Amino acid sequence: MSVRIDDTDRKILAELQRDAGQSLDEIAARVGSSKTPVWNRIRKLKGAGIIGQQTVLLDAEALGFEATFFVLIRTSEHEADWQRKFLKALKDHPEVQEAHRLAGDIDYILKVRVKNARAYDQFYQSLISEVRVHNVTALLSMEEIKSTTMLPLHALALGA
């Protein structure tokens, strides 16, 4: 379903990205509208698949997950069976927050959030026992400088 996004939709989306826990009244006041039109627009955006799952962001460090590793994986395996096993292994490991298939020398990059280096090693040992990989490089993030789930809505063309 294709939907045209206007400036009011963009403002509503920006408010929901900032804090999806706001009441309809708060969102309506911030975008300069009333509650019912805002609700109708949100329903339209959900129906079009623009608004997906709503969730809560937890503070990983406050919960003891102090280490973030970016894991670069090279494989010589590209068969469907290997890929199926690899994707299942990624889905079965909640430590994997993101996984991307790449173009270039590296086949996959994972963002893995764990309590410490020992927990990363347990993850690594488990992963390589489940699927064959040619080469794994783990990079420890020393400091998270920026992390966001917010999309740059200002870049959307009017009526897109």
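1. Let's start where H2 meets H3 in this predicted model. On the H2 side, the residues in contact are Leu24, Asp25, Ile27, Ala28 and Val31; on the H3 side they are Lys35, Val38, Trp39 and Ile42. Sorted by class, that contact holds seven nonpolar residues, two charged ones and no polar ones. The two axes come within 9 Å and cross at roughly 100°. An angle from 65 to 115 degrees counts as roughly perpendicular, and H2 and H3 are therefore described that way.

2. Now for H2 itself, which covers residues 24-31. Ile27, Ala28 and Val31 are its buried residues. Looking down the axis of H2, you will find them within an arc of 100°, so they line one face of the helix. The cover over these buried residues includes helix H1 (7-18) and helix H3 (35-47). Ile27, Ala28 and Val31 also appear among the H2 residues that meet H3, so it is worth having both lists at hand as you turn the model.3. Just past the end of H2 comes Gly32, with a positive phi of about 75°. Gly32 sits in the loop between H2 and H3. Is this glycine buried or exposed? Gly32 is exposed, with a relative accessible area of 70%, and the cut-off for that label is over 50%. Gly32 also has a partner to look for in space: Thr8 is 24 residues away in sequence, yet the C-alpha atoms of the two are 8.5 Å apart.

4. Thr8 brings us to the packing of H1 with H3. In H1, the residues involved are Thr8, Asp9, Ile12, Leu13 and Leu16, and they meet Val38, Arg41, Ile42, Lys44 and Leu45 in H3. By class, this contact has six nonpolar, one polar and three charged residues. The axes of H1 and H3 are 10 Å apart, and the packing angle is about 80°. H1 and H3 are therefore roughly perpendicular to each other.

5. One charged residue in H1 deserves a look of its own: Glu15. Its relative accessibility is 13%, and Glu15 therefore counts as buried, the limit being under 20%. What does Glu15 touch, once neighbours within four places in sequence are set aside? The answer is Ala20, Gln22, Ile27, Arg30 and Val31. Two of these names are familiar from above, as Ile27 and Val31 belong to the buried residues of H2.

6. Next, H3 as a helix. Its 13 residues should span 18 Å at 1.5 Å a residue, and the end C-alpha atoms are indeed 18 Å apart. Val38, Ile42 and Leu45 are the buried residues of H3. Seen down the helix axis, they fall within an arc of 65°, so they line one face of H3. That buried set packs against H1 and H2. On the other side of H3, Thr36 and Gly47 are exposed. After H3 you will meet Gly49, whose phi is positive, near 80°.

7. Further along the chain, H4 takes in residues 80-92, which makes 13 residues. From its first C-alpha to its last, H4 reaches 18 Å, close to the 18 Å expected at 1.5 Å a residue. Trp82, Phe86, Ala89 and Leu90 are buried in this helix. Viewed down the axis of H4, the buried residues fall within an arc of 100°, so they line one face. Ala80 and Lys91, on the other side of H4, are exposed.

8. Which elements do the buried residues of H4 pack against? Three are strands: E1 (67-74), E2 (96-101) and E3 (108-114). Helix H5 (117-130) is there as well.

9. A last residue to visit is Val131, found in the loop between H5 and strand E4 (135-140). With 5% relative accessibility, Val131 counts as buried. Leaving out residues up to four places away in sequence, Val131 touches Trp82, Lys85 and Phe86. Trp82 is 49 residues from Val131 along the chain, and their C-alpha atoms are separated by 7.3 Å. Trp82 and Phe86 are also among the buried residues of H4, which makes this loop a good place to view together with that helix.

Definitions and conventions
Residues numbered from 1 in each chain as written. Predicted model: local features only at pLDDT ≥ 70, side-chain atom pairs only at ≥ 80, totals over all residues. Heavy atoms only, no water. Helix = DSSP H or I, 4+ residues; strand = E, 2+ residues; numbered from the N terminus. Expected span 1.5 Å × (residues − 1). Buried < 20%, exposed > 50% of the residue type's maximum accessible area, 1.4 Å probe, protein only. Arc of directions from axis to C-beta. Contact = heavy atoms within 4.5 Å. Axes fitted to C-alpha atoms, helices over the stretch in contact; angles between N-to-C directions. Parallel < 35°, antiparallel > 145°, perpendicular 65-115°, else oblique. Nonpolar A, V, L, I, M, F, W, Y, C, P; charged D, E, K, R; others polar.
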